Amino acid sequence: MLTCFRNILFFLTGVSLSLLTADSAFAKPPSLIEIKTSSDVYLGKSIAHNHDVSWMMDQAGMLSEIPLKKVTSFRRVAAEFQRLPLNKMKLQLQNEFGPFFEVISTRHYLICAPRGKAKAYGGVFEDLYQSFSHYFSLRGYQVKSPEFLMVTIIFPDRTQFYDYCKKDGVRTSQGLLGYYHPHSNRTALFDQSTATKSVSIEQDREENEFTYSRLSTSGKNLTEALRDTMIHEATHQVAFNTGLHSRVGENPRWVVEGLATTFESDDLRTHTGGRGKSISRINRNRLLWFANYAQNRRKKNSLQSFIREDKLFQSSTFDAYAEAWALTFFLVETQPARYARYLKKISQRDPLKEYPAESRERDFKEVFKTNLKSLEVDYLTFIDQLTQELSRQN
């Protein structure tokens, strides 16, 4: 067993060395390899490893974490890793979800939805992708094209959605509207027009580990809530597939949710060039929530802890979402080039190393070149001015 362990490390190191020159014109493409454990067989490419685990990506873009001590055999299957052909990916999805669903492809997506509805859903996702890419290209960040078609599943009702959540290992709650899972690389949600009530905020304080979900708030009609959920989760999926976030490593929660809540704004997506006043691009609901939080519950000088830790997302989820939006919106409106560099910096970290609080704070300060206390004053002033301007408009 020890010999096998050493050999797999040597084998994976050789695979990794072939990827180190990925930017070179002479770089070799990754190989298609097979790794077996006593219970599973993994076929794909190695994207990261250390002395304990290897992360494998299969030919449909799904990730698996393999403890190296459990590996029983390994081999190179083909000289070059290749994605599954489109027709095979479609067939796999069709077989998985059955005849009551249809599977269609767009330029960047595979949409699996109740028959007759997939095309309309696909249009929303493609519009989001185009707005997202254009937004960052105008700010000097050319996002890379997704390696795989992004899979989205829309269920006809909450019951079928919950059944899928359980299979996917996602904890369900009455307020869960949808989620993106970086490991499966799928977005899952349901047609909320079949639901019968909105849900109280207090029911949903917990977050699912490793998934990026959207929880309901009361007061929205269900059709609008479905579209908002599609935009929110699609932003997660695009960000993880275009290199802005790491699918394996730690990502500060405020960064991931801040970007998704920023793109919830129709006006921001429509006016990606950033012309006009900031008030025209706000996420109105997030701004109002943050204003209430800042006045009644937010601790003084708490920006530092928010950047360093994800605790607020566990203790007060909607306050955390609101602050994630507020901080992100402030940064993209006032320091867009630095914000893009910050995303790039944290996405290029070693994905298998921990991201402790000290490193999170250091990376933030290095990119934005600021004292956190003075930045917090500017940030809160900026948001307060937006709140006052919104109040005058109403």
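Visitor: Which residues is R186 in contact with, leaving aside its neighbours within four places in sequence?

Guide: There are M62, L93, E96, F97, V151, I153, Y164, Y179, Y180, H181 and Q237. Keep in mind that this is a predicted model. R186 itself sits in strand 10, which covers residues 186-190.

Visitor: Why is R186 called buried?

Guide: Buried means under 20% relative accessible area. R186 has 9% relative accessibility, so R186 counts as buried.

Visitor: What makes the link between the side chains of R186 and E96 a polar contact?

Guide: The cut-off for a pair of N or O atoms is 3.5 Å. The side chains of R186 and E96 are joined at 2.9 Å, and that pair counts as a polar contact.

Visitor: Next door is N185. Where is N185 found, and why is it called buried?

Guide: N185 is in the loop between strand 9 (176-181) and strand 10. Its relative accessible area is 3%, and the limit is 20%, so N185 is buried.

Visitor: What is there to say about the phi of N185?

Guide: Phi is positive there, about 65°, although N185 is not a glycine. Most residues other than glycine have a negative phi. K369 is another case: its phi is near 50°, also positive in a residue other than glycine.

Visitor: Is K369 buried or exposed, and how do you know?

Guide: Exposed means over 50% relative accessible area. K369 has 60% relative accessibility, so K369 counts as exposed. You'll find K369 in the loop between helix 13 (357-368) and helix 14.

Visitor: What about R115: why does R115 count as exposed?

Guide: Again the mark to pass is 50%, and R115 has 51% relative accessibility, so R115 counts as exposed. R115 is placed in the loop between strand 7 (109-114) and helix 3 (118-137).

Visitor: Which residues does R115 touch, not counting those up to four places away in sequence?

Guide: R115 touches Q94, P99, F100, F101 and E102. Take F100: R115 and F100 are 15 residues apart in sequence and 6.2 Å apart in space, C-alpha to C-alpha. As for F101, the side chain of R115 reaches the backbone oxygen of F101 at 3.4 Å.

Visitor: On to the helices. Why is helix 11 called roughly perpendicular to helix 14?

Guide: Helix 11 (residues 317-334) and helix 14 (residues 372-393) pack at an angle of about 95°, and their axes are 10 Å apart. Angles from 65 to 115 degrees count as roughly perpendicular, so helix 11 is roughly perpendicular to helix 14.

Visitor: Which residues meet where helix 11 packs on helix 14?

Guide: From helix 11 come E323, W325, A326, L327, F329, F330, E333 and T334. From helix 14 come L375, D378, Y379, F382, I383 and L386. The residues of this contact divide into 10 nonpolar, one polar and three charged.

Visitor: What makes you call helix 6 mostly covered?

Guide: In helix 6 (residues 253-262), 10 of its 10 residues are buried. Among them are R253, W254, V255 and V256.

Visitor: And for the protein, how many helices and strands are there, and what part of its residues counts as buried?

Guide: There are 14 helices and 11 strands. Of the 394 residues, 53% count as buried.

Methods. Residues numbered from 1 in each chain as written. Predicted model: local features only at pLDDT ≥ 70, side-chain atom pairs only at ≥ 80, totals over all residues. Heavy atoms only, no water. Helix = DSSP H or I, 4+ residues; strand = E, 2+ residues; numbered from the N terminus. Buried < 20%, exposed > 50% of the residue type's maximum accessible area, 1.4 Å probe, protein only. Polar contact = N/O pair within 3.5 Å; in protein donor to acceptor, adjacent residues only side chain to side chain. Contact = heavy atoms within 4.5 Å. Axes fitted to C-alpha atoms, helices over the stretch in contact; angles between N-to-C directions. Parallel < 35°, antiparallel > 145°, perpendicular 65-115°, else oblique. Nonpolar A, V, L, I, M, F, W, Y, C, P; charged D, E, K, R; others polar.
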